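Please read what follows with the model open beside you, since each paragraph takes up one region and leads on to another. The account begins with a single residue and widens from there to strands, a sheet and its helices.

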Amino acid sequence: MIYWIIGAASAAAAALAALFVFFNNGCIKTTRYKIKIDGAPKLRIAHISDLHGKRFGKRNARLIKKVIKAKPDFIAVTGDIIHLYTPENREVALETVSALKEIAPVLYVAGNHEMRNKGYRFLRRDLKEAGATVLDDLCTEACGITVAGLNGASLRNDKISAVTPDVSPKILLAHEPQFFEKYAAAGYDLVLCGHAHGGQWRIPFTGIGLYAPGQGRFPKYTSGVHSLGKCRMVISRGLGNSQFPLRLFNRPELVVIDIE
């Protein structure tokens with residue numbers, strides 16, 4: 001009898017642990033922010049980052065459903081839509097963009113996983129064919145506001161001034177948040193970033209992440225809204241995982257921003 005009880009308790013504990021892991025890695029949280037930008041039109045942005053080729057249901061149906069529910073004016077994808085070490089997830093990236101473009105215009109900028117991919121020029125072509133506007137060091141107008149995209153290579157080569165338009169207000173899509181001071185100095189009103197994965201494991205009830213690439217242990221920029229002068233930076237905790245495959249106390253995140 002005692003062995004049966006031990007076995008049942010162990011099975012229940014294992015089931016609860018599996019449910020906990022799935023909840024932390026497979027259940028998308030929608031986080032909403034309101035940002036005031038002087039001179040900007042009222043609009044809503046759905047911000048997606050760090051998909052890393054992950055599927056939330058067949059053809060990413062659960063993610064697409066949440067974006068539809070958000071009713072965005074445009075969708076910003078801030079990099080790492082693929083995972084560098086899993087070439088087959090290219091299909092996930094393209095099918096996701098194809099579905100998203102049916103909801104609203106998709107503006108995309110590359111992350112480090114795309115930039116390190118030797119075939120990125122072909123992926124960029126395919127993303128355009130799937131319906132994305134690729135903003136690698138380019139600008140466009142979306143819903144009455146200027147949106148620029150800065151890839152990581154240009155940022156590291158200090159080409160931000162060459163990419164930045166001399167207009168106001170303006171929004172920047174850039175994958176990495178640790179360069180916030182440079183973004184603010186360039187005069188952006190709003191910057192959308194990802195890359196930090198929310199710190200991967202977060203200390204419960206604190207919002208403190210343990211590690212982020214480019215920032216190391218206990219990083220400063222992992223999620224939420226950060227302010228410097230007139231500039232606001234909104235960081236997505238991302239959707240997928242990179243080399244480290246597990247999130248804890250850090251659910252995948254879709255960010256929805258209302259500009260007022």
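Thr146 is buried, with a relative accessible area of 17%, where buried means under 20% relative accessible area, exposed over 50% and partly exposed in between, with a 1.4 Å probe and protein chains only. The model is a predicted one, in which local features need pLDDT of at least 70 and side-chain atom pairs count only at pLDDT 80 or more, while totals for chains, interfaces and linings use all residues. Residues are numbered from 1 along each chain as its sequence is written, and side-chain values use heavy atoms, with hydrogens and water left out.

Thr146 lies in strand S7, which covers residues 145-150; helices (H or I, at least four residues) and strands (E, at least two) are DSSP runs, numbered from the N terminus. When residues up to four places away in sequence are not counted, Thr146 touches Thr140, Pro165, Val167, Pro169, Lys170 and Ile171, contact meaning heavy atoms within 4.5 Å.

Ala142, in strand S6 (residues 138-142), also has a computed accessibility to consider: at 8% relative accessibility, Ala142 counts as buried. With residues up to four places away in sequence again left out, Ala142 touches Phe74, Leu107 and Val147. The C-alpha atom of Ala142 is separated by 8.5 Å from that of Asp73, although these two residues are 69 residues apart along the chain.

Phe74 leads to the open sheet, whose six strands have the order S1-S16-S2-S3-S4-S5 with mixed pairing; two strands pair if DSSP finds at least two bridges between them. Strand S1 (29-35) and strand S5 (132-134) are the edge strands, each pairing on one side only. On average, and with direction ignored, neighbouring strands of this sheet are turned by 25° against each other. Here axes are lines fitted to C-alpha atoms, for helices over the stretch in contact, and angles run from 0 to 180 degrees between N-to-C directions. Helix H2 (residues 61-70) packs on the sheet, where H2 touches S1, S2, strand S3 (74-77) and S16, and the direction of H2 makes about 165° with that of S2. Within the sheet, S2 (residues 43-48) runs antiparallel to S16 (residues 253-259), the two being joined by five bridges, and Leu43 stands opposite Ile259 in S16.

From H2 the path continues to helix H3 (residues 90-100), for H2 and H3 pack with their axes 10 Å apart at an angle of about 25°. H2 and H3 are therefore roughly parallel to each other, on a scale where angles under 35 degrees count as roughly parallel, over 145 as roughly antiparallel, 65 to 115 as roughly perpendicular and the rest as oblique. H2 passes H3 in a right-handed crossing; a crossing is right-handed if the near helix is turned clockwise from the far one by less than a right angle, and left-handed if anticlockwise. On the H2 side the contact is made by Leu63, Ile64 and Val67, and on the H3 side by Thr96, Ala99 and Leu100. By class, this contact of H2 with H3 has five nonpolar, one polar and no charged residues, where Ala, Val, Leu, Ile, Met, Phe, Trp, Tyr, Cys and Pro count as nonpolar, Asp, Glu, Lys and Arg as charged, and the others, Gly among them, as polar.

H3 also packs against helix H5, at an angle of about 25° and with the axes 8 Å apart, and that makes H3 roughly parallel to H5. The crossing of H3 and H5 is right-handed. In this contact Arg90, Leu94, Val97 and Ser98 of H3 meet Phe122, Leu123, Asp126, Leu127 and Ala130 of H5, which by class gives six nonpolar, one polar and two charged residues. The buried residues of H3 are Val92, Ala93, Leu94, Glu95, Thr96, Val97 and Leu100, and what covers these buried residues includes S2, H2, S3, strand S4 (106-108), H5 (120-130) and S5.

A last region centres on strand S15 (residues 231-235), which is mostly covered, four of its five residues being buried. Strand S9 (residues 190-193) runs parallel to S15 and is joined to S15 by four bridges, with Ile235 in S15 as the bridge partner of Cys193. Strand S14 (residues 224-228), by contrast, runs antiparallel to S15 and is joined by five bridges; Leu228 stands opposite Cys231, and Ser227 stands opposite Arg232. S14 and S15 form a hairpin with two residues between them, and Gly229 in the turn has a positive phi of about 60°.
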